[in-house]
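Here is a set of exercises to work through with the model open in your viewer. Try each task before you read the solution under it.

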Amino acid sequence: MSKGAHSGHRSIYDTNPLHLPFVPLCGPIRHFPRGSPLMTPSVSWPQNDAFDPRSLRETVLAMARAGNTGHVGCAFSIVEIMAVLYRSFVRYPGGDPRHPDRDYLVLSKGHGVMAQYACMRELGWLNDKEHIERYFGDGSDLMGLSDSRTPGLEVSSGSLGHGFSVGVGIAEGLRRRGTDQRVFAIVGDGELNEGPIWEGMLFASHNKLSNLMMIVDANGFQAMGRTDDVMELGSIRQKLESFGFETADVDGHDQGALETAIRTLIASNSPRPKALVAKTIKGKGVPFMEHDNQWHYRHLSAQDYEASIEALRAEVAL
Amino acid sequence: MRSAFSAALTRLGRDNPDVLLITGDHGYALFDEFRKACPDQFINAGIAEQNMVGMAAGLARLGFRPFVYGLSAFVPIRVVEQIKMDIAHDDLPVVILGDGAGFVYSHLGPSHQSAEDIACARSVPGLTVLSPGDRYEMTACMDLAYDLRGPVYMRMGKADRGEVHAGTLSPLVVGEPICVRAGPADAPALLATGAMLTTAVQLAEQHGPMAVWSMPSIKPLSTEAIAAIARSSSAIIVMEEHSVHGGLGAAVTEIVTEVEPCRVLRIGIRDRFSKHCGSYDYLLREHGLDLASVKERVDAFTATV
């Protein structure tokens, strides 16, 4: 069934045609000085108590249950990274996911998209009835991988190694426009197997894209097993450093540490692009999912769902 | 033809500072004029085609108008997935320029020869495919590619085969063939694209009265226009310096079998790689695409219709 044929369901595309970003931006080059009022966070932006990781994981579980999907582990490893980025760093003037002056949160590892959906739900860009409870329903809008037609998602990145390059292009464009907007690109450690990632790093470094921050979700797993067993990466940080990035390591589940590390990198005066290697746990938050790669694939049964919610709540209560 | 390309690109770049030329470290002297006129609009993305095409998508998202240049053996072939997912999926205004199509790099072997690019590009949803045949078509195709404001692949083949048109063309309509010479209804019509266009005109001059249609716009292709050509001729002969699988010949055949069945002879590169090294003209002979070989096939075909 085509999207338009689905009766009674108002598509998110109805009010947000894809071409919006292109047409209004074709004018002359605009300059926004650092600290421009356009860059201040929207007054309606959720405050500090929003993006609670436990609540985000519950949304992910609800979606996974509704859609009977896998990729729960991929989403759980980036929950705190997403929470901190949305809460403190990614700027959407007027709370508009398509605002031309926004920062760009590029999810290159598209498999973790449910964590981003969970944040978009807190922002009111997605709602329970249409999006969370109807996830993977026939004629529904949200894909199982990041899809740029959805307002709030910047790239279509199910095929790994794509999103980062698009993010590098956006960063190069923002540099050319002379704005202080930033690009945050979340890349998986497994995704680092892909050649274009390293091509993009060379370009970003050569062209001094200091407005680009690459965040590596180093959960130590990829589709078929541990990254160390499939394609050993050694020190990711050293590799990124040698590619000309200003780098930092961080515990990817410690929100305070993430906040400090990102703030420190942003505050740096170095012209180098930035990279944060976030050590994470695949499946984080539900003990029986942690470090267990079957949750890359395993579909969430009703029983799994109940056990996960219970485990998640018990874990946080400790 | 190459100077027409350079002039068109430079004119577009001067008119709109958002036009960017992005190259994968190719086009050594070709871009001197553009770089002189628009130095800040030139990006050498290095020998890294996948990242280059992804970046072009990112730049287009911000309102830039990227023209992405590479050799057609690499761009689009190597990056067909980036073109599909990063550019065409979002209908972004990026023009992909694939130079040296066909046997231009005759001495360098199959790695630099390109017989598959139209077939790959045709299958990408929403991607317009253009293939100019002389300098006037080059200028018109560049203007069309810019004005379409969507994803375009433009194939650039052998550039020194001479002019077919007498002068500047009126703006091209996407999908519409251009009538180069009219012909009788009881003879086959020749449809040619790219470097084979001049061969088609020479063939028609030697063979006797035949209509010649130039096809600078390969996808989309006007069903009505192809059906009309089929109706007004005894058969169709398609000539291209591209594989017979998935190229213009295939596209025309797909249309006529559905709406106006007629015999179609597809003259192109058969299903094999070049065996030997040699000049461009030598390789055309090796693949049966030189004028004499084509005439032989056309004569044999014409005798059967």
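Helices (H or I, at least four residues) and strands (E, at least two) are DSSP runs, numbered from the N terminus. This is a predicted model: local features need pLDDT of at least 70, side-chain atom pairs count only at pLDDT 80 or more, and totals for chains, interfaces and linings use all residues. Residues are numbered from 1 along each chain as its sequence is written, while chains are lettered from A and ligands numbered from 1 in the order in which they are written.

**Exercise 1. Find where Pro76(B) and Pro220(B) sit, and describe the peptide bond before each.**

Step 1. Pro76(B) is located in the loop between strand E3 (65-71) and H4 of chain B. The bond that leads to it from Val75(B) is cis, with omega near 25°.

Step 2. Pro220(B) belongs to the loop between E10 and helix H8 (223-231) of chain B. Lys219(B) and Pro220(B) are also joined by a cis peptide bond, with omega about -5°.

Step 3. Now go to chain A for a backbone feature of another kind. Phe51(A), in the segment before H1 of chain A, has a positive phi of about 60° although it is not a glycine. As background, most residues other than glycine have a negative phi, and most peptide bonds are trans.

**Exercise 2. Describe the packing of H3(B) against H4(B).**

Step 1. Take the geometry. The two axes, H3(B) and H4(B), come within 9 Å and cross at roughly 15° (axes are lines fitted to C-alpha atoms, for helices over the stretch in contact, and angles run from 0 to 180 degrees between N-to-C directions). That makes H3(B) roughly parallel to H4(B), since angles under 35 degrees count as roughly parallel, over 145 as roughly antiparallel, 65 to 115 as roughly perpendicular and the rest as oblique.

Step 2. Assign the hand. H3(B) and H4(B) have a right-handed crossing (left-handed if the near helix is turned anticlockwise from the far one by less than a right angle, and right-handed if clockwise).

Step 3. List the contacts (C-beta atoms, placed from the backbone, within 7 Å). From H3(B) come Gln50(B), Val53(B), Gly54(B), Ala56(B) and Ala57(B), which meet Gln82(B), Ile83(B), Asp86(B) and Ile87(B) of H4(B).

Step 4. Sort them by class. The contact of H3(B) with H4(B) has five nonpolar, three polar and one charged residue (Ala, Val, Leu, Ile, Met, Phe, Trp, Tyr, Cys and Pro count as nonpolar, Asp, Glu, Lys and Arg as charged, and the others, Gly among them, as polar).

**Exercise 3. Which elements of chain B give two or more residues to the side that touches chain A?**

Step 1. Count both sides: 25 residues of chain B and 27 residues of chain A take part.

Step 2. Name the elements: helix H3 (49-61) and helix H4 (80-87) of chain B. H3(B) gives the most to this side of chain B, with nine residues.

Step 3. Class the residues on the side of chain B: 11 are nonpolar, eight polar and six charged.

**Exercise 4. In what order do the strands of the two sheets of chain B run?**

Step 1. One open sheet has seven strands in the order E2-E1-E3-E4-E6-E5-E10, with mixed pairing (two strands pair if DSSP finds at least two bridges between them). Its edge strands are E2 (42-44) and E10 (217-219) of chain B, and the twist averages 20° from one strand to the next.

Step 2. Look at one pair there. E5(B) (128-130) and E6(B) (152-155) run parallel and are joined by three bridges, with Val129(B) opposite Tyr153(B).

Step 3. Another open sheet, of five strands, has the order E7-E9-E8-E11-E12 and is mixed as well. Its edges are E7 (178-181) and E12 (264-269) of chain B.

Step 4. In this sheet E8(B) (189-192) pairs with E11(B) (236-243) in the parallel sense over four bridges, and Ala192(B) stands opposite Met239(B). Helix H7 (196-207) of chain B lies across E7, E8, E9 and E11 of chain B, at about 160° to E8(B).

Definitions and conventions
Two residues are in contact if their C-beta atoms, placed from the backbone, lie within 7 Å.
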